[in-house]
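Here are my notes for you to read with the viewer open. Try finding each spot yourself before moving on to the next point.

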Amino acid sequence: MAIFQAFRALRPTAEEAAAVAALPYDVVNREEARHIGEQNPKSFLHIDRAEMDLEKEIDLYDERVYRKAKENLIKMEEDGILVQDETPCFYIYELTRRDKTQTGIVGCNSIDDYLNGVVKKHELTREDKELDRIRHVDTCNANTGPIFLACRYTDTLTLLMKNWKEEHLPAYNFTAEDEIRHKVWIIDDEETIDRIHKEFETISSIYIADGHHRAASAVKVGLQRRKENPDYTGKEEFNFFLSVVFPYEELVILPYNRVVKDLNGMTVKAFLGALKFNYELMLMPGFPCKPVEKHCMGLYVEGDWYHLKAWPDIYEKKDRVGQLDVSILQDKVLAPILKITDPRTDERILFVGGNHKSSELARMADETGGAAFVMYPTSMEDLMAIADENKLMPPKSTWFEPKLRSGLFIHKLS
């Protein structure tokens, strides 16, 4: 059963929360981070993307980047921008986007639950990205970004969270530049904290929605600290990692679209002809095509949009992973036709989150003479079922929106 505990968050004062809160490090590139940092000296990207404060020629993985992150974190605490709570608390984190609200509880999960499969993953991680976050967490001595988790809430847990929100004022309440509203409540009552802890003990599975690299890195830092402290008790903070756990039914998954830079030397006519073996094609003149049901997708190539519907015989006998639209695309189009056999490393393919407009995908495809694929979103039910089967999805199968902000909660490892 799940171990989920309260912690003493290092967090911004109420006056500074809006300025500190930042998008996750992995959804902004170096240039975007530098621009944000120049405009906002209090942005948490100064910690999560500390290269912005160094010379442009310095490599992203240079040791100086990690030292600068630690220096910036310490300075924000010394300046009183970040203050650590005196007692362990849980926190309620509510995000509202376009009248859709999701509310979760912030706490710390056990690294042992990750190792024994209570915390379930559905994606592979890349070694270089893991190593980056390992060095970042280890040098900063803190989990600086929360892992985005989901589970089946108990009725008691749902009611407890609802009542706390109704009976207490939020500590933070602000709307970010992207019009997403963020509200945070602090649960500091010992009896309520104990009830939350016990409710999570009845939950058998928690699923990583977003943050596989952060989770894997946090666990590996914890294991390394155990080696360095052979007399550890299991209660030390390095045995836990920062997370926000949401009720799964509140989450919104957007499609994770694909743009391919070229047609592998084929003409458009030949490319479309090859697709007809596995898809029913329909030209959609004059406007972008967005799929409205599973096993369909939109295709843009050379000025035209098409609606593609997979023939049932290519997926009906497949397992849950094989029936995912991203799997069908990979198995029937990207690999055999466009020769993109490893989408995790092939530089000819770009992954574009579902918060981008179809016109942006078309523009990207036109720039290189390639094609754009607009996917139908993967469901939470498929995600959880695949994780329960200990199977893995193809890379970039899900795009969760809204994104959790970093900097609102920091978990110190000692």
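1. Let's begin in a loop: Aspartate 231 sits between helix H9 (212–228) and strand E12 (240–247). Keep in mind throughout that this is a predicted model. Is aspartate 231 buried or exposed? Its relative accessible area is 72%, so it counts as exposed, because the cut-off for that word is over 50%. Now look for lysine 318: it is 87 residues away from aspartate 231 in sequence, and the two C-alpha atoms are 48 Å apart in space.

2. For the opposite case, go to helix H8 (residues 190–200), where you'll find threonine 192. This residue has a relative accessibility of 9% and is therefore classed as buried, since buried means under 20%. Which residues does threonine 192 touch, once you set aside its neighbours within four places in sequence? They are Leu160, Trp164 and Ile187.

3. Next, have a look at strand E4 (residues 90–97). How many of its eight residues are buried? Eight of the eight are. You can see this on both faces: Phe90, Ile92, Glu94 and Thr96 point to one side, Tyr91, Tyr93, Leu95 and Arg97 to the other, and all of them are buried. Note that the list includes Glu94 and Arg97.

4. What does E4 pair with? A bit of background helps here: the strands of a sheet pair through backbone hydrogen bonds, either parallel or antiparallel. E4 pairs with strand E10 (residues 181–187) in the antiparallel sense, over seven bridges. Seven bridges also join E4 to strand E5 (residues 100–110), and that pair runs antiparallel too. Glutamate 94 is a handy marker, as its bridge partner in E10 is lysine 183, while in E5 its partner is threonine 103.

5. Don't skip the turn between E4 and E5. This hairpin has two residues between the strands, and arginine 98 takes a positive phi there, near 55°.

6. Now for an open sheet of six strands. Trace them in the order E15-E17-E16-E19-E14-E18, and you'll find that the pairing is antiparallel. Which strands sit at the edges? Those are E15 (279–283) and E18 (349–353), each pairing on one side only. From one strand to the next, the twist averages 25°.

7. Zoom in on one pair in that sheet: strand E16 (residues 296–301) and strand E19 (residues 371–374) are antiparallel, with four bridges between them. Leucine 299 stands opposite phenylalanine 373 of E19. Then find helix H13 (residues 358–368), which lies across E14 (256–260), E16, E17 (304–310), E18 and E19. H13 runs at about 20° to E14.

8. Those two facing residues turn up again in the largest nonpolar core, which has 65 residues. Leu299 and Phe373 are among the residues with the most contacts inside it, along with Tyr93, Phe271, Leu338, Met380 and Phe409. A second core, separate from that one, has 32 residues, including Ile92, Trp164, Ile206 and Val219. Tyr93 and Ile92 come from opposite faces of E4, and Trp164 is one of the contacts of threonine 192.

9. Finally, check the second largest pocket, with a volume of about 150 Å³. Where does the largest share of its lining come from? Helix H4 (residues 63–78) supplies that share, with four residues. Among the lining residues are Pro41, His46, Asp53, Glu71, Lys75 and Ile81.

How values were computed: Residues are numbered from 1 along each chain as its sequence is written. This is a predicted model: local features need pLDDT of at least 70, side-chain atom pairs count only at pLDDT 80 or more; totals for chains, interfaces and linings use all residues. Side-chain values use heavy atoms; hydrogens and water are left out. A nonpolar core is a set of buried Ala, Val, Leu, Ile, Met, Phe, Trp, Tyr and Cys residues joined through side-chain atoms within 4.5 Å. Buried means under 20% relative accessible area, exposed over 50%, partly exposed in between (1.4 Å probe, protein chains only). Two strands pair if DSSP finds at least two bridges between them. Axes are lines fitted to C-alpha atoms, for helices over the stretch in contact, and angles run from 0 to 180 degrees between N-to-C directions. Contact means heavy atoms within 4.5 Å. On a 1 Å grid over the protein atoms alone, a cavity is a set of points where a 1.4 Å probe fits but cannot get out, and a pocket is an open set with protein on both sides within 12 Å along at least five of seven lines; lining residues have an atom within 4 Å of a point. Grid points are joined across faces, edges and corners, and a volume is the space filled by probe spheres set on the points.
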